[in-house]
Every structure is written in C-alpha cells, then in structure tokens.
Amino acid sequence: MSVTKSPAPSAAPPPAAPPAGPRRSARRAGAPAALLLLLAVLAASLAIGARRYSLGEVWHGLLDPDAPAYTVVRETRLPRTLLGLLAGAALGLAGGVMQALTRNPLADPGLLGINAGASAAVVSAITFLGIRSVSGYVWFSFVGAGAVAVLVWAVGGGRAATPERLALAGAAVNAALYAYVSAVELIDTASLDRMRFWTVGSLATARPSTVTGIAPFVAAGVLLTAALARPLNALALGDDGARALGARPTWTRTGALVAVTLLCGAATAACGPIVFVGLMVPHLVRALAGPDLRRLLPYCAVLAPVMLLGADVLGRVLGRPAEIQVGIVTAVAGGPVFLAVVRRGRVGGA
C-alpha cells in the first residue's frame with residue numbers, strides 16, 4: 001500500500017518591514033511645520049495680552065514710533081517674546097542633553113535640582129549682596145547650577161549612576177534648596193516682594209537689557225550642544241563603544257555639564273525656575289525625529305520656545321485682566337506628562 005506524502009507546508013514569508021517613506025516624509029515636513037508653528041506663537045505673543053492687537057497693529061507697533069501700539073508692542077511685549085524664545089530654546093536643549101547624558105527619560109533641569117541650585121544662588125545674591133540686575137546675578141546662577149549638577153551626579157553614583165538614583169538625588173537636593181529659598185524670602189519681606197514672581201517663573205519682567213544679558217551665554221550653550229550631538233550619540237553605546245567610535249566619554253560628560261550649566265543658568269537668572277519644559281519637549285520630539293541627537297536637538301530648540309511662549313500666552317488669556325505666571329502654567333501642564341512617563345514604565349531608560 002503506497003502512502004502519498006502531502007507536500008510540506010511552505011514557509012511563511014517574513015513580515016514586510018514598515019515603509020521608510022512615510023517616516024522620512026514626516027521628518028522632512030516636520031522642520032517647516034515646526035518653524036511655522038514658532039512664527040505663529042511669536043506673533044500671538046506680540047498680539048495677545050491685556051489688550052489684543054491685530055497683526056497690522058503689531059507690525060506698525062514694531063516699526064513706527066508714532067503708532068499707538070508702539071509702547072506696548074516694542075517696549076514691553078517684544079523683549080518678553082525674545083526672552084521666551086531664548087529661555088525656551090535653552091531649557092529644551094538642556095533637557096535633551098540631560099536625557100541623553102543620563103539615559104534617563106525623567107532627566108530635566110527642574111527635576112534634578114539644577115534650576116533650584118541656580119535659584120538659591122540668585123536669591124542669596126539679591127538678598128545678601130544687594131545685586132539687582134540680571135547681568136550681575138547671572139554669574140551666581142551659573143555657579144549654583146554647576147555646583148548642583150556636579151553634586152547630583154556625584155550623589156547619584158557618578159559614572160555608575162542609575163536613573164533611579166539620579167532622580168532621588170535630584171529630588172532631595174531640589175527640596176532642600178527650595179526650602180532654603182522659601183526661608184530667605186520669609187525672613188526678608190523686601191526680598192519676598194522683589195522675588196515672588198521670579199521664583200514661580202515669569203517672563204513679565206523682561207527688559208531689553210535682560211535679553212542682551214543672557215543672549216551670549218545661551219549662544220555659547222547652543223554651540224557647545226551642537227558640537228556634542230555626535231559624541232553623545234556615541235556615548236549611548238557605552239564607554240567602550242564610544243571610545244571605539246573616537247569619542248572621549250570623560251570630555252563628553254564634562255562638556256555636557258558645562259552646556260547644561262550655561263543654558264539653565266542663563267534661563268533661570270532671567271526668568272526664574274521653570275520646570276517641565278526640558279522634560280516634555282524631548283519626549284514629544286523623539287516620536288518625530290527619532291533618537292539621533294543631530295535631529296532631536298534642533299527640534300528641541302524650535303519647539304521648546306513654542307511650548308514656553310504658548311504657556312505664557314495662555315496665562316495671559318486665562319488670567320485676564322491680570323495674568324497667570326508661565327511657571328505655573330508649565331507646572332500644571334507638565335504634571336500629567338510626568339505621570340504618564342512613569343506609568344509607561346520607562347523610568348529605567350529612554
């Protein structure tokens with residue numbers, strides 16, 4: 001009796017790889033869209049406030065000294081908008097660099113205590129040394145931010161730091177420094193009156209001198225960050241892998257801390273401590289630009305000012321005829337994002 005063998009089932013074809021075309025097209029269209037969004041938010045920041053102006057009135061207010069809107073638009077809202085542009089770019093870049101450096105999706109200048117260190121140094125300079133101008137206490141802001149960055153890195157374990165230890169060290173330092181800031185303000189009521197808006201994060205006190213005072217430091221931080229994009233990409237492979245690719249891990253980490261200190265110190269000195277911008281923007285950008293810092297960081301530099309200025313405009317609208325400080329708006333918006341990141345189980349690495 002012959003047995004007929006059934007043909008062997010053919011192997012299932014491998015699943016087709018997702019087409020790279022749509023992702024590439026989205027990345028190609030993302031840059032112009034981000035720039036257009038930034039221009040729209042800049043225009044809204046100039047037009048919206050206690051009194052709303054049309055775009056034509058804003059244009060004349062910028063160029064014509066005899067225009068009715070000149071005083072408000074040119075002398076008040078323009079410095080505020082430029083400060084939001086600089087501070088937003090600084091915070092977004094600092095957040096992207098810190099997340100890459102620590103491989104921690106919770107890394108943020110505010111959450112790791114760096115903003116608190118800058119705030120404590122500035123409050124001390126204002127209260128005990130009588131320094132009033134941004135150009136005077138910006139140096140104290142750099143010292144405070146740099147000292148806390150080194151402290152959190154060391155307490156978190158240095159080169160053996162884990163995301164959890166860095167987050168815990170930053171939370172402890174953050175709490176201690178803000179307790180110090182609150183104690184100084186309560187002891188000196190005059191200092192409290194001067195700093196009560198600054199300590200919650202505000203763009204309302206922006207002046208042309210504020211913008212020109214921090215612009216060189218933000219520019220230096222941006223250039224250093226651009227130079228570190230490729231070495232930080234290599235550092236994601238570990239120290240041995242980074243060395244094999246020609247990067248120097250020690251110098252890369254040192255340069256990254258210097259860049260974060262410049263960016264956070266300048267932004268905090270001018271605006272006060274503003275949290276969650278450096279946390280939220282890299283997460284939103286990473287879905288579009290991918291993990292490559294050469295693409296991610298430019299997007300952060302464009303979209304972080306969109307978030308900061310958008311929060312500032314929203315605070316003006318919701319608080320009319322007064323306003324809600326931008327630091328409060330970003331904190332309220334950033335809290336749910338922070339909880340969502342934790343719930344997704346991504347605390348252990350980006």
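## Starting with R294

Let's begin with an arginine in this predicted model. R294 is partly exposed, as its relative accessible area is 44%. That value falls between the 20% cut-off for buried and the 50% cut-off for exposed.

R294 has a partner: its side chain forms a salt bridge with the side chain of D292, at 2.9 Å from N to O. What about D292, buried or exposed? D292 has a relative accessibility of 15%, so it counts as buried.

## A link across the sequence

Why do pairs like this turn up? Side chains of opposite charge can pair when their charged atoms come close. The structure has 4 salt bridges.

Another one of them joins D312 and R80, with 2.8 Å between N and O. D312 sits in helix α12 (residues 293–318) and R80 in helix α3 (residues 70–102), so this pair ties together parts that lie 232 residues apart in sequence.

Both ends are tucked away from the surface by the usual cut-off: D312 counts as buried because its relative accessibility is 1%, and R80 counts as buried at 9%.

## D312 pairs again

D312 also meets R316, side chain to side chain, in a salt bridge of 2.9 Å from N to O. Here the two residues share helix α12 and are 4 residues apart, which is about one turn of the helix. R316 and D312 are both buried.

## The network

Which residues are linked in a network of salt bridges? They are R80, D312, R316 and E323. So you can find D312 in this network and trace its bridges to R80 and to R316.

Key:
Residues numbered from 1 in each chain as written. Predicted model: local features only at pLDDT ≥ 70, side-chain atom pairs only at ≥ 80, totals over all residues. Heavy atoms only, no water. Buried < 20%, exposed > 50% of the residue type's maximum accessible area, 1.4 Å probe, protein only.
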